[in-house]
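Ready for a few hands-on exercises? Open the structure below and work through each task before reading its solution.

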Amino acid sequence: MFASHLIEKVLKEGKTKMRVGLYPGTFDPLTLGHIDIITRASTLVDKLVIGVAINNDKNPLFSLEERVQLIEKEIANLKLLKVDVVVYPFKNLLIECAKDVGASILIRGLRAVSDFEYEFQMVGMNRVLDNKIETVFLMADAGCQAIASRLVKEIAKLGGSIDKFVTEDIALAINSKFKS
């Protein structure tokens, strides 16, 4: 179930100082690196929205609906979160999505210098589109820096173990896709 009704409820409550953060990505699949960023980002905001992007250019393994369901299940399993976390699918511009959910902060994870170069350009473009929305970068935990969704899928496709990169439920979902 898409949780946009929860976002609408929060926005209608009139809390003017609520810090809503948006952590966008395709999350195909959600990795332990993503979960690390979600956990840490949740300490910086009053509400965290996980924006699940439609990005057909990346040839997703999972449909949008499957990704949303997998993420919602994993979020429900996280006991450390002290704020509401909502999973929200989107297909428009990131800045428009941020406005839709009332986010004033974009959360981005960085693993390597190459990530920074891309993100640096995105920040510049997003600032032109709406200079009231800030971007916050969180460096990946040292144990997660090598994890990339693309590589996790490649390892699984070739029959390798992905247990060190994703949760058990995500590994089962990925492996069942490649067995089909």
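## Exercise 1: The sheet

The 5 strands form an open sheet, ordered S3-S2-S1-S4-S5, with parallel pairing. Strands pair if DSSP finds at least two bridges between them; helices (H or I, at least four residues) and strands (E, at least two) are DSSP runs, numbered from the N terminus. This is a predicted model, in which local features need pLDDT of at least 70 and side-chain atom pairs count only at pLDDT 80 or more, while totals for chains, interfaces and linings use all residues. Residues are numbered from 1 along each chain as its sequence is written, and side-chain values use heavy atoms, leaving out hydrogens and water.

**Task.** Find the edge strands of the sheet.

**Solution.**
1. Look for strands that pair on one side only: these are S3 (84-90) and S5 (134-139).
2. From one strand to the next, the twist averages 30°.

## Exercise 2: Strand S2

**Task.** Trace the pairing of S1 with S2, then work out how many S2 residues are buried.

**Solution.**
1. S1 (residues 20-25) and S2 are parallel partners over 6 bridges.
2. Tyr 23 stands opposite Ile 50, and Pro 24 has Gly 51 as its bridge partner.
3. In S2 (residues 47-53), 7 of 7 residues are buried (under 20% relative accessible area; exposed is over 50%, partly exposed in between; 1.4 Å probe, protein chains only).
4. Both faces are covered: one side has Lys 47, Val 49, Gly 51 and Ala 53, the other Leu 48, Ile 50 and Val 52.

## Exercise 3: The loop after S1

**Task.** Inspect the backbone at Phe 27 and at the bond from Asp 28 to Pro 29.

**Solution.**
1. Recall that most residues other than glycine have a negative phi, and most peptide bonds are trans.
2. Phe 27 has a positive phi, near 50°, and lies in the loop between S1 and H2.
3. Because its relative accessibility is 3%, Phe 27 counts as buried.
4. The bond from Asp 28 to Pro 29 is cis, with omega near 5°; Pro 29 is in the loop between S1 and H2 (32-41).

## Exercise 4: H6 against H7

**Task.** Describe how H6 and H7 cross.

**Solution.**
1. The axes of H6 (residues 149-157) and H7 (residues 168-179) come within 9 Å and cross at roughly 55°. Axes are lines fitted to C-alpha atoms, for helices over the stretch in contact, and angles run from 0 to 180 degrees between N-to-C directions.
2. The two helices are therefore oblique to each other (under 35 degrees is roughly parallel, over 145 roughly antiparallel, 65 to 115 roughly perpendicular, the rest oblique).
3. Val 152, Lys 153, Ala 156 and Lys 157 in H6 meet Ile 174, Asn 175 and Phe 178 in H7, contact meaning heavy atoms within 4.5 Å.
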